[in-house]
Every structure is written in structure tokens, then in C-alpha cells.
Amino acid sequence: MLSRRGFVGIMGAGTLAAKAADGKYRVYIGTYTRGDSKGIYSFVLDTAAGTLTPEGLVGETENPSFLAIHPTGNYLYSCGELNKFNGEESGSLTAFKIDTATGKLEKLNDVPAGGTSTCHVNISRNGRYAVLANYGTGSCAAFAIGADGKLGERTAYHQHAGTSIDPGRQKGPHAHSVNFDKQNRHVIVADLGLDQVKVYRFNAATGAMTPNDPAFATVKPGSGPRHFSFHPSGKFAYVINEMTCTVTAFNWNAKKGTLTEIETVTTLPEPVKRGFSTAEVVAHPNGRFVYGSNRGHNTIAVFQVDAATGKLKSVEHKSTQGEVPRNFAIDPTGQFLIAANQDSHTIVLFRINQTSGALEQVGAPVKAPSPVCVRYVKMRRA
């Protein structure tokens with residue numbers, strides 16, 4: 001297990017070994033391995049030039065739908081969105097070492113996720129634990145991360161239970177995302193099947209997770225909470241509701257671990273139609289904007305944030321120039337947003353207007369097979 005001293009040592013070693021390449025980020029794309037995809041692909045984003053350049057396949061693995069980067073930038077973790085893994089009814093979690101010069105991924109090890117259709121993963125802020133969500137069976141789990149980046153023992157597991165009002169989608173729990181708060185003291189798990197946003201107290205020393213009191217916040221029945229994003233101020237949080245195409249804004253009490261609803265707003269400029277759903281929600285690093293993806297409508301919804309109240313005001317609905325925009329991510333500088341069009345097999349680069357939050361497409365869509373997840377790593381130079 002990675003000790004605090006060991007983690008600091010790794011961070012220091014990375015700093016001494018290489019300096020950040022000015023304005024360049026390696027963009028890792030998680031995919032579904034059907035059709036042409038064979039695993040994880042990478043691209044280079046040059047924020048100075050505003051360009052996105054393909055590097056090709058960097059890690060071969062099955063259905064690496066969602067990815068997470070270790071705080072050191074030396075390791076990458078991918079969900080195997082599977083129903084069977086090594087003979088078990090389970091998805092998987094895989095650890096890779098990143099070759100910082102080439103971007104290639106070296107597989108370190110993998111572990112069974114403890115549930116099926118593993119769909120989301122995040123890393124604790126001290127780099128010692130990975131937490132994941134299992135959509136199929138509706139559970140969440142935590143695993144230790146060693147000093148060598150390998151996955152170790154399971155340190156927490158929670159099986160959700162219950163139903164909500166939609167007989168087709170909500171007959172049981174469907175954990176859909178996991179997020180750490182800034183203080184590394186809580187884990188938030190959005191459960192689409194229960195219409196609940198669960199809160200767990202997290203022990204950053206042991207990796208244990210225990211239900212908070214209260215254990216969850218609710219959204220309107222039939223909403224289907226999917227993904228979650230904290231506002232950088234730490235005062236607010238946002239959950240995107242897949243089934244009703246809405247975003248619910250919450251006040252966040254970091255000390256008590258409680259979410260209190262502020263408002264719920266639509267992500268669409270028109271009523272919800274058959275085939276419409278949402279996927280991702282992200283708060284901009286400057287705290288002034290929130291973005292959400294609309295599948296079927298095939299747009300990114302852009303909102304401005306009221307700094308005093310956390311409320312959202314619609315700015316625009318920007319076409320992603322493709323079908324089924326799944327995940328998207330804002331680069332660490334806050335200048336660009338990359339959207340992944342799952343069904344049209346492209347990723348698209350947008351420049352963010354720092355005053356209004358509006359998106360301007362940069363260049364043509366870039367080919368990427370069945371893209372699902374976008375993650376950034378700062379590139380280094382010797």
C-alpha cells in the first residue's frame with residue numbers, strides 16, 4: 001500500500017525526472033471494443049496551437065469505457081465494462097503504467113470489480129485508492145493502490161438495494177458514477193435505479209467507506225441521476241439526470257456531507273423526445289460555467305453559474321457534430337472542451353469563451369472508434 005511518504009516521494013521523483021511540456025496534454029480516450037476499437041487511444045492536445053493530433057492505440061483491453069488518472073500522472077486505471085471476468089459474473093478494473101515519453105500503456109494488473117457492467121472509476125486525492133461503480137448490479141467498491149501503481153486488496157464494498165418508479169429502467173439499483181470531494185472525506189455515488197445521490201464517509205487512511213447520515217439525497221422520481229460534478233468553490237454540486245434530461249443543483253455541506261437541492265433545470269431547448277437522454281456534467285475550473293451532454297439531441301448544454309446561489313442560466317446548446325455525445329472533459333487550463341461522439345466515432349475540440357462559457361468548434365471532428373471517456377495528462381519533456 002502506498003504510504004504518505006511513498007506518495008510524496010513519487011510526486012517528487014516525477015518532478016525531478018521531467019518538466020511539463022508547455023501547453024501540451026496527452027488525451028486518453030476510453031472506448032467500447034466493438035467494431036474497430038481495440039482499447040484505449042491517445043491524442044495530443046496543443047493548447048497554444050489549438051490542435052488535436054492522433055497517436056493511435058496505446059493500450060489493448062476489453063471495453064475500457066471509463067478511465068481515471070493517478071494524481072502523479074504515472075498511472076491510468078480503466079473500467080472493464082463487462083458481465084464476465086475470469087469466469088466470474090463481474091466487470092473489472094485494470095491498472096496501467098504510463099510511458100510518459102510515448103503515451104503507451106503497460107498493463108500492471110487487474111481485479112474483479114465485484115459487480116457487473118463496471119462503468120465509472122475515480123482515484124482518491126492522496127492516490128492511495130480507486131473507487132468504482134457497477135451499473136449492472138448496483139454496487140460500489142474501493143481498492144487499494146500500491147506504491148508501484150498496482151491494484152491491491154478491496155477495502156470497501158456496498159451493494160445498493162431498492163427501486164424507483166420506471167419499470168423499465170429502475171427495477172433495481174444502478175450505480176452510475178463515483179466522485180471524491182475536495183477534502184477526500186466523502187464519496188458521492190449517483191444511482192440511476194434508485195433516484196438517489198448516495199454519500200459515503202471515506203477514510204483516506206484505510207480506504208473504508210461508510211454511509212453518511214443522512215445516507216443520500218433524492219431527485220424527482222423517474223429522473224435517473226447519472227453523473228456528478230462538484231463546483232470548484234466546494235459550495236455547490238451538480239447531478240445530471242439521464243432519463244428526464246435535467247440537471248439538479250445542490251448546496252454541499254462539506255463538514256456534514258449533505259446535499260440540499262437548489263433547483264432542477266432542463267438541459268434541452270425543447271421537450272424530451274424518445275431517444276433523448278443525458279450523459280455527462282462538468283463544472284468549469286473557474287466556477288463560472290457548467291456543461292452537460294445531450295444524447296439524441298446531440299448537443300452540449302452550456303450554463304452560467306450564479307456565484308452566490310449556485311443556480312444555472314442557459315447560455316446555448318452547441319451541436320457536437322456527431323451522434324450520442326457521451327463523456328466530455330475540459331482541459332486543465334480551462335481553454336478547451338473535448339466531446340466524445342460514441343456512435344459517430346469522433347471526438348471534437350471546442351474552444352471555451354472565458355466570458356460567456358459558449359463553445360466554438362476548432363477544426364473538423366477527429367476519428368476515434370466508439371469513444372466513451374476523455375481524460376488528460378500533462379505531457380512532460382526531458
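Ala, Val, Leu, Ile, Met, Phe, Trp, Tyr, Cys and Pro count here as nonpolar, Asp, Glu, Lys and Arg count as charged, and the others, Gly among them, count as polar. The structure shown in every view below is a predicted model.

**View A. The largest pocket and the residues of its lining.** The space in the largest pocket comes to about 1,200 Å³. Its lining is made up of 34 residues, and those closest to the centre of the pocket are N122, R125, N179, V282 and R375. Two or more lining residues are given by each of the strands β4 (67-69), β8 (118-123), β12 (175-180), β16 (225-230), β20 (277-283), β24 (325-330) and β29. Sorted by the classes named above, the lining of this pocket holds 19 nonpolar, ten polar and five charged residues.

**View B. The largest cavity, with β1 and β29 in its lining.** When the whole structure is searched, one cavity of 30 Å³ or more is found, and the volume of the largest cavity is about 50 Å³. The residues that line this cavity are R26, Y28, I98, T100, V377, K378, M379 and R380. Both β1 and β29 supply at least two residues of the lining, and β29 gives the most, with four residues. By class, the lining of the largest cavity consists of four nonpolar residues, one polar residue and three charged residues.

**View C. Aromatic pairs, beginning with Y25 and Y376.** Rings of Phe, Tyr and Trp are paired here if their centres lie within 6.5 Å, and by this rule the count comes to six aromatic pairs. One of them is formed by Y25 and Y376, whose rings are edge-to-face, with 6.4 Å from centre to centre and 85° between the planes. Because Y25 lies in strand β1 (residues 19-31) and Y376 lies in strand β29 (residues 371-381), the pair ties together parts that are 351 residues apart in sequence. Both Y25 and Y376 are buried. Another edge-to-face pair is that of F289 and Y291, where the centres are 6.5 Å apart and the planes stand at 65° to each other. F289 is counted as buried because its relative accessibility is 1%, and Y291 is likewise buried, with a relative accessible area of 0%. Elsewhere in the chain, Y129, F180 and F202 are linked by ring pairs into a cluster.

**View D. H297 in the loop between β21 and β22.** H297 is found between strand β21 (289-295) and strand β22 (299-305). Its relative accessible area is 18%, so H297 is buried, given that the term covers values under 20%. The side chain of H297 makes a polar contact of 2.8 Å with the side chain of T299. When neighbours within four places in sequence are left aside, the residues in contact with H297 are L268, P269, E270, F276 and H317.

**View E. D166 in the loop between β11 and β12.** Strand β11 (151-159) and strand β12 bound the loop that holds D166. With a relative accessible area of 26%, D166 is partly exposed. The side chain of D166 reaches the backbone nitrogen of R169 at 3.0 Å, and, beyond the neighbours within four places in sequence, D166 is in contact with K171 and M243. As a gauge of distance, the C-alpha atoms of D166 and D306 are separated by 33 Å, while these two residues are 140 residues apart along the chain.

**View F. N63 in the loop between β3 and β4.** N63 has its place in the loop that runs between strand β3 (51-60) and strand β4. N63 counts as buried because its relative accessibility is 16%. Not counting residues up to four places away in sequence, N63 touches T31, Y32, T33, C79, G80, E81 and L82. Among these, T33 is also approached through its backbone nitrogen, which the side chain of N63 reaches at 2.9 Å. The C-alpha atoms of N63 and G30 are separated by 7.9 Å, although the two residues are 33 residues apart along the chain.

Definitions and conventions
Residues are numbered from 1 along each chain as its sequence is written. This is a predicted model: local features need pLDDT of at least 70, side-chain atom pairs count only at pLDDT 80 or more; totals for chains, interfaces and linings use all residues. Side-chain values use heavy atoms; hydrogens and water are left out. Buried means under 20% relative accessible area, exposed over 50%, partly exposed in between (1.4 Å probe, protein chains only). A polar contact is a pair of N or O atoms within 3.5 Å; within protein, one must be able to donate a hydrogen and the other to accept it, and residues adjacent in sequence count only if both atoms are side-chain atoms. Contact means heavy atoms within 4.5 Å. Rings of Phe, Tyr and Trp (its six-membered ring) pair if their centres lie within 6.5 Å; planes under 30 degrees apart count as stacked, over 60 as edge-to-face and the rest as tilted. On a 1 Å grid over the protein atoms alone, a cavity is a set of points where a 1.4 Å probe fits but cannot get out, and a pocket is an open set with protein on both sides within 12 Å along at least five of seven lines; lining residues have an atom within 4 Å of a point. Grid points are joined across faces, edges and corners, and a volume is the space filled by probe spheres set on the points.
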